[in-house]
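Thank you all for coming; please take a moment to look at the sequence and the model before I begin. I will go through one part of the chain slowly, and I will explain the terms as they come up.

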Amino acid sequence: DQKHQLMKEIGRLFSGHQANKLGNAEQLLQGQDTFYYNLPSALGGAVKDVELLIKREEQHQEKTTDLKQQNKTWQLTMKLAVGELGELLTKAKLREDNLEINFYASNDTVKIQVMNYLPLLRRKFDSLGIEVSKSQCQLGKIPDTLQQRPYHMFQTKA
């Protein structure tokens with residue numbers, strides 16, 4: 001039974017990956033560097049997917065030709081279930097070796113757990129050479145999904 005469940009989850013992961021690659025290609029054609037992934041998770045027996053949304057932004061300064069002045073910012077948004085405790089939304093921005101990370105908890109229990117482990121996470125990033133300039137956790141509304149699909153664009157010839 002576990003083997004069948006594992007094969008089912010792997011199949012779901014690959015089919016979701018293929019659909020996400022098509023969506024990512026569509027967004028790339030529109031000039032957006034956005035990647036969305038939906039990873040299966042069975043934490044605590046409850047099947048809730050971990051969602052990842054990765055965006056890359058280029059910030060150009062006016063009248064500057066120096067490549068060092070062109071900063072790239074990576075934004076990672078992750079939504080996951082924390083067992084039966086609730087849900088957690090994480091938003092991180094990475095610029096070179098500087099990281100800003102914000103956590104949004106669905107309830108006080110999840111917020112307390114995050115606050116307990118936040119110093120350990122900061123020490124781990126420091127040991128990797130990544131400076132955490134800002135980190136906080138607060139209560140917030142967790143969206144149903146991170147996937148944004150306001151419209152689709154198709155081109156056809158008759």
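Let me begin with a definition: helices (H or I, at least four residues) and strands (E, at least two) are runs assigned by DSSP, and they are numbered from the N terminus. What we have here is a predicted model, in which local features need pLDDT of at least 70 and side-chain atom pairs count only at pLDDT 80 or more, while totals for chains, interfaces and linings use all residues. Residues are numbered from 1 along each chain as its sequence is written, and side-chain values use heavy atoms, with hydrogens and water left out.

The protein chain contains two helices and six strands, and along the sequence they come in the pattern α-β-β-β-β-β-α-β. Of its 158 residues, 24% count as buried, where buried means under 20% relative accessible area, exposed means over 50%, and partly exposed lies in between, with a 1.4 Å probe and protein chains only.

I would like to start with strand S4 (residues 86-95), which pairs with S5 in the antiparallel sense over eight bridges; two strands are said to pair if DSSP finds at least two bridges between them. The partner of Arg-95 in S5 is Asn-98, and in the hairpin of S4 and S5, which has two residues between the strands, Glu-96 takes a positive phi near 50°. S5 is also joined by eight bridges to strand S6 (residues 131-139), and these two run parallel, with Tyr-104 having Gln-138 as its bridge partner in S6. From S5 the chain passes through H2 to S6, and this β-α-β crossover is right-handed, a word that applies if, with the strands pointing away from the viewer, the path from the first strand over the helix to the second runs clockwise.

Is Asn-102, in strand S5 (residues 98-105), buried or exposed? Asn-102 counts as buried because its relative accessibility is 12%. Its side chain makes a polar contact of 3.2 Å with that of Gln-136, and a polar contact is a pair of N or O atoms within 3.5 Å, where within protein one must be able to donate a hydrogen and the other to accept it, and residues adjacent in sequence count only if both atoms are side-chain atoms. Ala-105, also found in S5, is buried because its relative accessible area is 0%. Leaving aside neighbours within four places in sequence, Ala-105 is in contact (heavy atoms within 4.5 Å) with residues including Leu-88, Val-110 and Cys-137.

Now to the helix itself. At the start of H2, a side-chain oxygen of Asn-107 comes to within 3.1 Å of the backbone nitrogen of Thr-109. The buried residues of H2 are Val-110, Val-114, Leu-118 and Phe-125, whereas Gln-113, in H2 (residues 108-127), counts as partly exposed because its relative accessibility is 36%. It helps to recall that an α-helix has 3.6 residues a turn, so residues three or four places apart point the same way.

H2 bends by about 40° at Tyr-117, and a proline, Pro-119, follows within four residues; the bend is the angle between axes fitted to the seven residues ending at a residue and the seven starting there. Just after H2, Gly-129 takes a positive phi of about 85°.
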